Structure formats: C-alpha cells, structure tokens
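Subject: Structure handover

Hello,

Here is the structure for you to look over. My notes on it follow below the model.

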Amino acid sequence: MVEIEVAYRGQLRCVATHGPSGMTLMTDPPVDNKGRGEAFSPTDLVATALGTCMLTLMGMRAEERACPLDGAGIVVKKHMSAAGPRRIARLEVSVTVPAGREISDADRQVLERAAHTCPVRLSILDAIEVPVSFDWGTIEGPDPAVRD
C-alpha cells in the first residue's frame, strides 16, 4: 500500500505528496477547463502513468533478456471526450526504439506484451481507447556502444 496525500492550494491547484519518498507534484487544470495549464492536469497524470508504466515494464523485460532498450521512448496523446461528461476518451500510444538496437523478433514480442500488460494499462477500462504502435528502429538514436 502506498499513501498519496493531496492538498488543495486554491485557484484549482492541488499538491500531491508521495508518502514513501516525500516527492511532490502540482496539478493545474488546462486552460479549456478553467485552469492556467501551468502543470500536469489530473487527466495528464493518467496519460503519464500509462506511458511510464509501459516503458518501465518494457525496461524490466529488456534487462532480463539483455536487450538494448536505452534511448527508447513513448509519446502518449490524450484525447478528451467531445460530448457528454468530460473524460479521457482515447490515449494514443507510440513506442519508439532507436535504430541500431539488435532486438530479435522473440524479444520484441516479449517487450510488446510487457507494454500491453503493465498494471496501468490493465487498470484502464474499455471506455478509453488505447491504440498502441511500435516503431522498432526506423529513427536514429544514441549509439548503443557509447555509454555515459
């Protein structure tokens, strides 16, 4: 169990504190929903949670299989509903692994399955569309032989 403490700071802003680490983050609604759009909105955090969870699980599987996943990234495009109650309607996910990574087809299947079965993805109901695309090395990235 993890405890998150949330405090209202006025002007539609909240500050959340992560119990175990003490790290904080602020939320602010988007401009089209009475906020200033100066921080993540609560629904932005859902999109963020999805992307970070997918990439974290892929990273775990990559480490287990000694796959070079460094430099990979995810972009999540959050689409809100156009009618009815305001809600997330679609989270469009694009996973990109830079060129130059030698990842077998079998390892790609394991990594894709990890993304699709991360805890956040499994927690999102069918009411939210979650199309996922994978780009396995058509973009240039940092040289995998070069380490910091």
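Where in the chain is the place of Glu102? Glu102 sits in the loop between strand S5 (88–97) and helix H2 (105–116). Please keep in mind that the model is predicted. With a relative accessible area of 73%, Glu102 is exposed. Its C-alpha atom is separated by 9.4 Å from that of Leu69, and the two residues are 33 apart along the chain.

Overall layout

The chain has three helices and six strands, and from the N terminus on they run β-β-β-α-β-β-α-α-β. Along the principal axes, the C-alpha atoms fill a box of roughly 50 × 35 × 30 Å. Of the 148 residues, 30% are buried. Taking contacts between residues at least 6 apart in sequence, 50% join residues at least 24 apart.

Surface and charge

About 9400 Å² of the chain is exposed, and carbon and sulfur atoms supply 54% of that area. There are 16 positive and 20 negative side chains, with the centres of the two sets 7 Å apart. A nonpolar patch on the surface is formed by Val2, Ile4 and Val6, which together have about 270 Å² of accessible area. Val2 belongs to the segment before strand S1 (4–10).

Salt bridges

Side chains of opposite charge can pair when their charged atoms come close. The structure holds ten salt bridges, and three of interest to me are described here.

The side chains of Arg13 and Asp28 meet in a salt bridge, at 3.6 Å from N to O. Arg13 lies in strand S2 (residues 13–18) and Asp28 in the loop between S3 and helix H1 (42–65), so this pair ties together parts that are 15 residues apart in sequence. Are these two residues buried or exposed? Arg13 has a relative accessible area of 13% and Asp28 has 1%; each is buried because the cut-off is under 20%. Arg13 and Asp28 are also linked with Arg36 and Glu38 in a network of salt bridges.

Asp107 forms a salt bridge with Arg65, and the closest N and O atoms are 2.5 Å apart. This pair links distant parts of the chain, with Asp107 in helix H2 and Arg65 in helix H1, 42 residues apart. Asp107 counts as buried at 13% relative accessibility, whereas Arg65 counts as partly exposed at 38%. Leaving aside neighbours within four places in sequence, Asp107 is in contact with Arg65 and Cys67.

Arg90 pairs with Glu92 in a salt bridge whose closest N and O atoms are 3.9 Å apart. Arg90 is partly exposed, with a relative accessible area of 27%, and Glu92 counts as partly exposed at 25%.

A buried threonine

Which residues does Thr27 touch, not counting those up to four places away in sequence? They are Leu12, Arg13, Cys14, Ala39, Phe40, Pro42 and Leu45. Thr27 has its place in strand S3 (residues 24–27). Its relative accessible area is 9%, so Thr27 is buried. Arg13, one of the residues that Thr27 touches, is the salt-bridge partner of Asp28 described above.

Regards

Technical notes:
Residues numbered from 1 in each chain as written. Predicted model: local features only at pLDDT ≥ 70, side-chain atom pairs only at ≥ 80, totals over all residues. Heavy atoms only, no water. Helix = DSSP H or I, 4+ residues; strand = E, 2+ residues; numbered from the N terminus. Buried < 20%, exposed > 50% of the residue type's maximum accessible area, 1.4 Å probe, protein only. Contact = heavy atoms within 4.5 Å. Areas by Shrake-Rupley, 256 points an atom, 1.4 Å probe, with all protein chains shown as cover. Lys, Arg positive; Asp, Glu negative; His and termini not counted. Charge placed at Lys NZ, Arg CZ, Asp CG, Glu CD. Patch = residues over 30% accessible without salt bridge, like charges linked within 9 Å, V, L, I, M, F, W, Y side chains within 5 Å. Salt bridge = Lys/Arg side-chain N within 4 Å of Asp/Glu carboxyl O.
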